[in-house]
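User: I would like to learn how to read a model of this kind, feature by feature. Please give the general idea each time, then the case at hand.

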Amino acid sequence: MPVTENALPPYEVGRLAGAVLDSVGSVVVGKRDSLELVLAGILAGGHVLLEDLPGLGKTLTARCFAQSLGLDFRRLQFTPDLLPADVTGSFLYDQRKGDFSFRAGPVFTNMLLADEINRTPPKTQAALLEAMQEKQVSVEGVTYRLDPPFHVLATANPIEYEGTYPLPEAQLDRFLLRVSFGYPNAEEEWEVLQRRMSRRQEESFLQPVVDARMLQAMQAALEVITVEDSIGRYIVSLTAATREHASVLVGSSPRGSLALLLLARARAAMAGRDFVVPEDVKDVAVPALAHRITLRPEMWLRRVDPAFVVQEVLTNVPAPASGALPTYARHD
């Protein structure tokens, strides 16, 4: 998004981001670190893949973020018999007009929850590719633009589960980051039960903290976050190191470097800073890069996890320590 005059200062982005997280955290118990990553992905203008076991709050998280951000929200349950037209929409014959008219699908929204995206065949999964990358949908040769902001929060169950289809690498690459929640500890799980009893109903409703226009202003603020040259080169080195790791068959594409840059800027803005530090990059490296790595077949037998590879890369690639101005800023 280009920088606009109504872009917020970073400290204001940090304040609003904290308020959104507090709002979501009033329903989603614990998991503050994971929630921060999801919000960073939204602020960076990207799409988020929530991959975890069933029943760990993935769908609830997506709904709470949509409510707190004041976004139009639609949920699409992906099933084995779902067709591409069920996602994008289709032309239907209108008998009164004697012509075909376009009926928009659920993708025409601000935030789409693609629930259990890996339970539908690849043909239907691919229906989201154009929308996620180009922010548009093509049906019968006609292209329809999606109104900004547009974000996909997709949930996925582990691929070992029966009835799941692995997401193609091209589709995984479209997700800015992948986040997992994990099981809550005993105290957090007890708090879930307490909150359910106190509200006396199944559903929870959150008042908007911001609206769609304010979210866009927050996103525009990221464009003024300074990224010093050494940190930019550090990002490139991390991504390149994933391609040279002994356990990796295919490393991260340059889209991984871009994801690190965007997410690091988002983390800086959420902290109220107008500059990126190496810790911002380290915090997002695993969720931004692990799903872009294909391991050698023998590594799966040894139960090597792509996240472990990224952690090794973080350990081996030296982080910068520099206060110099970025070269792109010297020409301003």
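Analyst: What follows goes from the whole chain down to single residues. This is a predicted model, in which local features need pLDDT of at least 70 and side-chain atom pairs count only at pLDDT 80 or more, while totals for chains, interfaces and linings use all residues. Residues are numbered from 1 along each chain as its sequence is written, and side-chain values use heavy atoms, with hydrogens and water left out.

User: What is the mean pLDDT of the chain, and where is confidence lowest and highest?

Analyst: pLDDT is the predictor's confidence in each residue, from 0 to 100. Here the chain has a mean of 86, with 92% of its residues at 70 or more. Confidence is lowest in helix α15 (residues 327–330), where the mean is 59, and highest in helix α11 (residues 254–270), where it is 95.

User: How many helices and strands are there in the chain?

Analyst: Helices (H or I, at least four residues) and strands (E, at least two) are DSSP runs, numbered from the N terminus. The chain has 15 helices and 11 strands. Its radius of gyration is 21 Å, close to the 20 Å that the globule rule gives for 332 residues, so the chain is as compact as a globular protein of that length. The radius is taken over C-alpha atoms, and the rule is 2.2 Å times the number of residues to the power 0.38. Along the principal axes, the C-alpha trace spans about 70 × 50 × 50 Å.

User: What share of the residues is buried, and what share of the contacts is between residues 24 or more positions apart?

Analyst: Buried means under 20% relative accessible area, exposed over 50%, and partly exposed in between (1.4 Å probe, protein chains only). Of the 332 residues, 48% are buried. Contact means heavy atoms within 4.5 Å. Among contacts with a separation of 6 or more, 78% are between residues 24 or more positions apart.

User: How much area does the chain expose, and how many charged side chains are positive or negative?

Analyst: Accessible areas come from the Shrake-Rupley method with a 1.4 Å probe; for residues, only the protein chains shown count as cover. The chain exposes about 16,600 Å², and carbon and sulfur atoms supply 53% of that. For charge, Lys and Arg count as positive and Asp and Glu as negative, while His and the chain ends are not counted. Each charge is placed at NZ of Lys, CZ of Arg, CG of Asp or CD of Glu. There are 33 positive and 41 negative side chains, and the centres of the two sets lie 1 Å apart.

User: Which backbone angles deserve a second look?

Analyst: Most residues other than glycine have a negative phi, and most peptide bonds are trans. In this model, E116 has a positive phi of about 55° although it is not a glycine. E116 sits in the loop between β5 (111–115) and α5 (122–125) and is partly exposed, at 21% relative accessible area. K135, also not a glycine, has a positive phi of about 55°. K135 lies in the loop between α6 (129–134) and β6 (136–139) and is partly exposed, at 26%. As for peptide bonds, a cis bond with omega of about -5° joins P148 and P149. P149 belongs to the loop between β7 (142–145) and β8 (151–156).

User: In that loop, are L146 and D147 buried or exposed?

Analyst: L146, in the loop between β7 and β8, is buried, with a relative accessible area of 6%. Leaving aside neighbours within four places in sequence, L146 is in contact with V107, F108, A131, K135, Q136 and V137. D147, in the loop between β7 and β8, is exposed, at 60% relative accessibility. With the sequence neighbours up to four places away not counted, D147 touches T109 and N110. The C-alpha atoms of D147 and K135 are 8.0 Å apart, with their positions 12 residues apart along the chain.

User: Which residues do T61 and G25 touch, not counting those up to four places away in sequence?

Analyst: T61, in helix α3 (residues 58–68), touches V28, L35 and F181 on that count. T61 is buried, at 0% relative accessibility. G25, in helix α1 (residues 10–25), touches L35 and R195 on that count. G25 is partly exposed, at 22%.
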